[in-house]
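This report describes how two chains meet in a model. The sequence and structure come first.

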Amino acid sequence: MSDTPTLDIDGLHLSIGTTPILRDVSLQLRRGRIMGLVGESGGGKTMVGKAVLDVLPDVARITAGSIKFEGRDLLSMTQRQRRLLRGKSISMILQNPMSALNPAFRIEHQMVDVMRFHLGIGAREARERARDMLDAVQIRDPDRVLRLYPHELSGGMCQRVVISIAFSCEPQLIIADEPTTALDVTVQHQILKLIKVMQARTNSAVLFITHDLGVVAKVCDTIAVLYAGMILEAGPVEKIFAAPAHDYTRALMNAAPRYDRPNALLRSIPAALREKLQQDARAYDQTRVFAHA
Amino acid sequence: MTVSYLLRRLLFTLPTILGVIVIVFVLLRVVPGDPIAMMIGSEATPEDIQRLREVYGLDKSIPHQFVVYLGNLLTGDFGTSISLKQNALTLVLGRLPATLELAIVAMVIAVACGLALALVATYWRKSWVSPVIDAFDSIALSIPEFLWALLLVLAFGVLFANLPISGRFDPARQTDFVTQFYLFESLLRGRFADALDLLRYLLLPALALALPLMAIISRVLSGSLREALGQDYILLARVKGFSAARVLLRHALPNALLPTITITGVHFIFLVGGTVLVELIFSYPGIGNMLFGAAMNRDLPLIQSVTIVFALLFIGLNFLIDLSYTLVNPRVKVG
Ligand SMILES: Nc1ncnc2c1ncn2[C@@H]1O[C@H](COP(=O)(O)OP(=O)(O)OP(=O)(O)O)[C@@H](O)[C@H]1O
Ligand SMILES: [Mg+2]
């Protein structure tokens, strides 16, 4: 087994206009591992995922750092090279399954197109594989579901379809951006289990974005805590849960967020701590401005 | 969609039709000017005029005239044209195909060019192309179709003079058409030389009619395309690795079309209305031109017929457009 991490982000800086969004983000993720990227809303978690996939908003610019995928430097690739990695080698599960599927097309169409595009297989074979994938994500009666439109499916069913699309070309890396946040509590557990099962099947690496430490404890091997675009601490889940080094991590763990009230998290971080972290971020930006001058 | 739904929708058009009939009748009786005097000129004696007024029923009271008029309409009798001395409805129906061909060709131009402009502007939305198309749309929109007609006459009739600016086809050409749909008929019968000639004559008036609608389509579709591109399912399409062109055409466009179809339907009706002035400017032999002639001659039966046929056309188009929405969008509840 080679020692090259599947994903290796080093010193990533990203800004929107003149506002820094990510500050010196570094993380490493190996094949077959699930890393939880936690932090509260607006911290920049989604930006990390979009930077890896090259689907950043137009206004966002990467100003420093590197992103390596299986040892290959993504930022020095052409747009086309990066595009052809998407869907095939790196994929993504979106937060809101109800809006992630195209309302104009049947499920079959949306599952088959990506496989035909990347795997060069025929319509019939792609359809067979789509059936198998729906089987794998435990959808009963896949033939019927293939014929349905997204608005005819429940949120949980949609997310199963989105997950099966993400895994359909057996990518080495999957960015799962809060894949359970938009779902019912009961469905959340099933979807989490499902992602774990699918990940084990394909032995992919998963960057699991969430604001929920409970979820991290359930599915992740390692964890990175992000606040205001800075990685506050990172390491194996057991270690960090047993002895969190950073005040913010400790506050997050005490906050014990609830599935049904994700916003409760916000209120329970002490204001003084939040203020100190914001100050750290500003101070950090200052040093960078001087370093550049 | 059920038959009873269709019937109900049809029933709703009846009051509109009746309203149009009443308005046409009233308007034509309140405007000044004596049609009979116009018709026979200055040498007529008052007795002649009186006799003709009786022939055309103009000597009766207004309510009486209305009852007669309504009864005649219901039996399909639209009267005899005063100036052309022929059945007014036959005259109008003989000209209608020319107007329909003009409107349909204009519509095709507007839809094709509007679609292309919207796609190009959206694809190159970060470059200079998009603001240029935007400016072009603004200009096309702010000039009404009859002004476009005058500008085109000026440009092609006077400055470049390489396209005909008057009439429907080359008068030197042999015409033995069975229907009045010259263009469609020559296309169907594979007579492409004829079709080409007809298209040369149609091009400028159709363009004049098409330009404002083209700009509207381009505007509305660009807007919905941009909105669609911000949706999650577009992010998923990009995550799948599809090219920007494929994402735009196959993933955004199908979702962005509905508002454009709605707007296009509504504006097609305005476009048909716009044919009146455009036909006049290009001496194009459609019912718009006929309406103008009838008005100049105070030819009441002909004016009535043209107006009512126009109104029925609008009502019919509205009905079809309404139906098409329910067909295009399966989520519009039929009720
Ligand atoms: N298109 C955009 N234009 C401008 N700013 C943006 C845009 N997208 C995100 N941002 C900003 O970037 C920052 C990071 O956003 P990001 O979506 O990565 O946060 P997040 O950690 O994923 O939050 P959430 O838990 O709400 O998804 C936020 O402050 C946000 O306001
Ligand atoms: Mg996010």
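How much area is buried between chain A and chain B, and what percentage of it do carbon and sulfur atoms give? In this predicted model, the area buried between the two chains is about 2,000 Å². Carbon and sulfur atoms account for 58% of that area. The size of an interface is often expressed in this way, as the accessible area lost when the parts come together.

Chain A brings 27 residues to the contact, and chain B brings 17 residues.

The polar part of the interface can be described by pairs. Between chain A and chain B there are two salt bridges. One of them joins the side chains of Asp58(A) and Lys126(B), with an N to O distance of 3.4 Å. Across the interface, 11 residue pairs are in polar contact, counting pairs with both residues at pLDDT 80 or more.

Four elements of chain A each supply at least two residues of the side that touches chain B:

| Element of chain A | Residues |
|---|---|
| Helix H1 | 45-53 |
| Strand E6 | 90-93 |
| Helix H3 | 97-100 |
| Helix H4 | 107-119 |

H4(A) gives the largest share of this side of chain A, five residues. By class, the side of chain A that touches chain B consists of 13 nonpolar, eight polar and six charged residues.

Chain B itself is divided into domain 1, residues 14-74, and domain 2, residues 94-328. The C-alpha centres of these two domains of chain B are 36 Å apart.

Note on methods
Residues numbered from 1 in each chain as written. Chains lettered and ligands numbered in written order. Predicted model: local features only at pLDDT ≥ 70, side-chain atom pairs only at ≥ 80, totals over all residues. Heavy atoms only, no water. Domains from an automatic or database assignment. Contact = heavy atoms within 4.5 Å. Buried area = accessible area lost by both parts, 1.4 Å probe. Salt bridge = Lys/Arg side-chain N within 4 Å of Asp/Glu carboxyl O. Polar contact = N/O pair within 3.5 Å; in protein donor to acceptor, adjacent residues only side chain to side chain. Nonpolar A, V, L, I, M, F, W, Y, C, P; charged D, E, K, R; others polar.
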